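Dear colleague,

I am handing over the structure below, and my notes on what was found in it follow directly after. Please read them alongside the coordinates.

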Amino acid sequence: MSLIFKSMKTIISKNEKDTFKLGLSWGKKSQGGDVFILCGDLGAGKTKLLQGLAQGLGVKSRVNSPTFNILKIYKSLGKVKYFCHIDAYRLQSEHDLIALGIEEFFNSPETVTAIEWGEKIKKIWPKNAKIIKIKHLSLNKREITII
Ligand SMILES: Nc1ncnc2c1ncn2[C@@H]1O[C@H](COP(=O)(O)OP(=O)(O)O)[C@@H](O)[C@H]1O
Ligand SMILES: [Mg+2]
């Protein structure tokens, strides 16, 4: 696993580009089976970060918030074959995700998974997950903490 995840770290993002670029750098370093759990309110920048992450993985199509879908799978042209994007906002409970077969994605060596509104599914956070908290500081400033 890359060095940046070995201890808690806080990054201040000054604008949406900073957040995108951070995601981009993580995407380039990610491996199949990696799971990113994003916690933070509406407009924090979860999707922005994941748009960068997806590009870093080699996803060519545009990544949007999957709010109405819960789960969306993108093909990647990189070494990781799929990017699984989940939005837990509308879920009643963890069971809904388990019913969708989410745990298979967590263990797939071909897939990187990212979950927005991760706070909602704490009970099924995989042990290896990278927990990312994004806090809204001001109009364009965000505090991004990696746990
Ligand atoms: N530093 C920043 N990082 C990320 N987004 C930012 C930042 N500053 C402003 N924004 C804006 O905040 C919004 C974040 O939206 P989005 O990524 O969809 O949030 P979320 O998925 O957490 O609801 C975007 O409109 C983006 O332009
Ligand atoms: Mg979003």
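Asn15 has a relative accessible area of 34% and is therefore partly exposed, since that value lies between the 20% limit for buried residues and the 50% limit for exposed ones. Please keep in mind throughout that this is a predicted model. Asn15 belongs to the loop that runs between β1 (9-13) and α1 (16-29), and its side chain makes two contacts with backbone nitrogens, reaching that of Lys17 at 3.1 Å and that of Asp18 at 3.0 Å. The C-alpha atom of Asn15 is also separated by 6.0 Å from that of Lys141, although the two positions lie 126 residues apart along the chain numbering.

The other site to look at is the metal. Which residues coordinate the magnesium ion (ligand 2)? The donors are Thr47 through OG1, Ser65 through OG and Glu116 through OE, at 2.1 to 2.5 Å, and along the chain they follow the spacing T-x17-S-x50-E. Within this set, Ser65 and Glu116 link distant parts of the chain, being 51 residues apart, with Ser65 in the loop between α2 (46-57) and β3 (71-75) and Glu116 in strand β5 (residues 111-116).

Are these two donors buried or exposed? Ser65 counts as partly exposed because its relative accessibility is 36%, whereas Glu116, at 2% relative accessibility, counts as buried because the value falls under the 20% limit.

With best regards

Conventions
Residues are numbered from 1 along each chain as its sequence is written. Chains are lettered from A and ligands numbered from 1 in the order in which they are written. This is a predicted model: local features need pLDDT of at least 70, side-chain atom pairs count only at pLDDT 80 or more; totals for chains, interfaces and linings use all residues. Side-chain values use heavy atoms; hydrogens and water are left out. Donors are N, O and S atoms within 2.8 Å of the metal (3.2 Å for Na, K and Ca); water is not among the atoms, so sites may look incomplete. Helices (H or I, at least four residues) and strands (E, at least two) are DSSP runs, numbered from the N terminus. Buried means under 20% relative accessible area, exposed over 50%, partly exposed in between (1.4 Å probe, protein chains only). A polar contact is a pair of N or O atoms within 3.5 Å; within protein, one must be able to donate a hydrogen and the other to accept it, and residues adjacent in sequence count only if both atoms are side-chain atoms.
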